[in-house]
Amino acid sequence: MAIFSNQASLSYSGGVTNSNVVTGELLEVLEISKTSVGETYEAGGIVTYAIQLINTGSTNLTGLTVTDNLGAYLYEDQLLVPLVYIEDTLRYFVNGILQNTPVVTATGGLTVTGLTVPPQGNASLLYQARVNDFAPLAADSAIVNTATVTGQNVCPPLSATDTVAVAESPLLTIAKSMFPSEVAQGDTLTYTFVIQNRGNTPAAAAAAVSVTDTFDPLLTDIAVTVNGQTAAVTTDYTYDETTGAFVTVPGQIAIPAATFSRNTDGSMAVTPGMTTVQVTGMVQPDCQIP
C-alpha cells in the first residue's frame, strides 16, 4: 500500500496561492506469496513451490503473468540458474478448484501466462523444480527464489521471495575391492573399503559410521588399518573367525566433508572426503574355495 499526496495552486492577477495538501492511500488489491514445501535442498533433489495470488478487490483480474527466476544469481559476471522446472508438474487452482494448465514457458526461468484471479478470490500455482549443477552446495548456502506477477492492473509489478537452505549432512557411499582376485588356502587376502562423503559436513562420531561384512572364505590373523593407521581389535573393530563376521565399532571411523569449487562454466565441482579401511588376513586352510 502507498501513501500519496498532492496540492493545487491558483494563479490570478500575477500572483499564486496554494491550496491545502490532501493525502490518500492507494490500496493494493492483489497480493502475492511464495513458499517452498520443505526447508532444504540437496544435489539432484526436487523442490516443490507454491505461489498464491489473492485479489481483495471487486474487479476480476485477468491476463496476469507470473515469472519465477528459479533462483538465478550472478557468479563472476555469469548469470547462473540453480533450478530446472520439471515439465508438466505445474498445477493451477482458482479458489481451490483445479483449472486447465495455462501457457508455461521454461527457458532460463519459468513464465506462466493467462492467469485470472476473481474478485475476493485467489489463485494458486504448484510446481516442482530439480536442483542442477549450478546450485551451491557448501554449508550455509541457499537458493533465493523470486516470483513476480505482472498485468494490466498490476502496477508496479509485485514480487515474493522464498529461501531454501542447502541440507547440511554427510552423503556417504562405499566401494569394496579385493587383492588378489585369485587365492589359494593359506594365501594372504586384502579387502579394501573406500568410503566417500559427498556431503558438506563430516561424518564424525555422532554419525555412528560402521562397516560390516562377512568374509567368505574365512580369514584368520587379520590386520586392520584406517587411512594407513593400525586399528585396534575390540576398540575399533570386532571379528569372529568362526563366522567371518567383521564389524567396525560405530563412531570410530570418521569421513571428512567434501570440498567444493567451481568449473569454468560456474557449475559445482565436488571433491569427496574419503576414508579407506583395509583388512588383510590369511585364507583359512580348512575352508573351501569356490
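**Exercise 1.** Which side chain meets that of K34 in a salt bridge, and at what N to O distance?

*Solution.* The model under study is predicted.

Step 1. The side chain of K34 meets that of D68, and the N to O distance is 3.7 Å. A salt bridge requires the side-chain nitrogen to be within 4 Å of the carboxyl oxygen, and the value of 3.7 Å is the one to hold against that cut-off.

Step 2. K34 belongs to strand β3 (residues 30-37) and D68 to strand β6 (residues 61-68), so the salt bridge ties together parts that are 34 residues apart in sequence.

Step 3. As for accessibility, K34 and D68 are both buried.

Step 4. K34 has a further partner: its charged end sits over the ring of Y49, 3.4 Å from the ring centre.

**Exercise 2.** State how many salt bridges a search of the whole structure finds, and describe the one formed by K176.

*Solution.* Step 1. The search of the whole structure yields two salt bridges.

Step 2. K176 pairs with D213, and their closest N and O atoms are 2.5 Å apart. The two residues come from distant parts of the chain, with K176 in strand β17 (residues 172-179) and D213 in strand β19 (residues 212-214), 37 residues apart.

Step 3. Compare each relative accessible area with the cut-off of 20%, under which a residue is buried. K176, at 46%, is partly exposed, whereas D213, at 17%, counts as buried.

Step 4. K176 also lies over the face of Y191, at 4.4 Å from the ring centre.

**Exercise 3.** Classify the ring pairs Y191 with F215 and Y237 with F246, and place them in the aromatic cluster.

*Solution.* Step 1. The structure holds five aromatic pairs. For Y191 and F215, the ring centres are 4.9 Å apart and the planes stand at 10 degrees, so this pair is stacked; the cut-off for stacking is under 30 degrees.

Step 2. Y191 lies in strand β18 (residues 188-197) and F215 in the loop between β19 and β20 (219-226), so the pair ties together parts that are 24 residues apart in sequence. Y191 is buried, with a relative accessible area of 5%, and F215 is buried as well, at 1%.

Step 3. The rings of Y237 and F246 have centres 5.8 Å apart and planes at 40 degrees, so this pair is tilted. Y237 and F246 are both buried.

Step 4. Ring pairs join these residues in a cluster that comprises Y191, F215, Y237, Y239 and F246.

**Exercise 4.** Locate the cis peptide bonds that precede P180 and P217, and the positive phi values of N95 and A208.

*Solution.* Step 1. From F179 to P180 the peptide bond is cis, with omega near -10 degrees. P180 is placed in the loop between β17 and β18.

Step 2. D216 and P217 are likewise joined by a cis peptide bond, for which omega is about 15 degrees. The loop between β19 and β20 contains P217.

Step 3. N95, a residue other than glycine, has a positive phi near 50 degrees. Its position is in the loop between β10 (91-94) and β11 (97-98), and N95 is partly exposed, with a relative accessible area of 43%.

Step 4. A208, also a residue other than glycine, has a positive phi near 55 degrees. A208 lies in the loop between β18 and β19 and is partly exposed at 40% relative accessible area.

How values were computed
Residues numbered from 1 in each chain as written. Predicted model: local features only at pLDDT ≥ 70, side-chain atom pairs only at ≥ 80, totals over all residues. Heavy atoms only, no water. Helix = DSSP H or I, 4+ residues; strand = E, 2+ residues; numbered from the N terminus. Buried < 20%, exposed > 50% of the residue type's maximum accessible area, 1.4 Å probe, protein only. Phe/Tyr/Trp six-rings, centres within 6.5 Å; stacked < 30°, edge-to-face > 60°. Lys NZ or Arg CZ within 6 Å of the ring centre and 35° of its normal.
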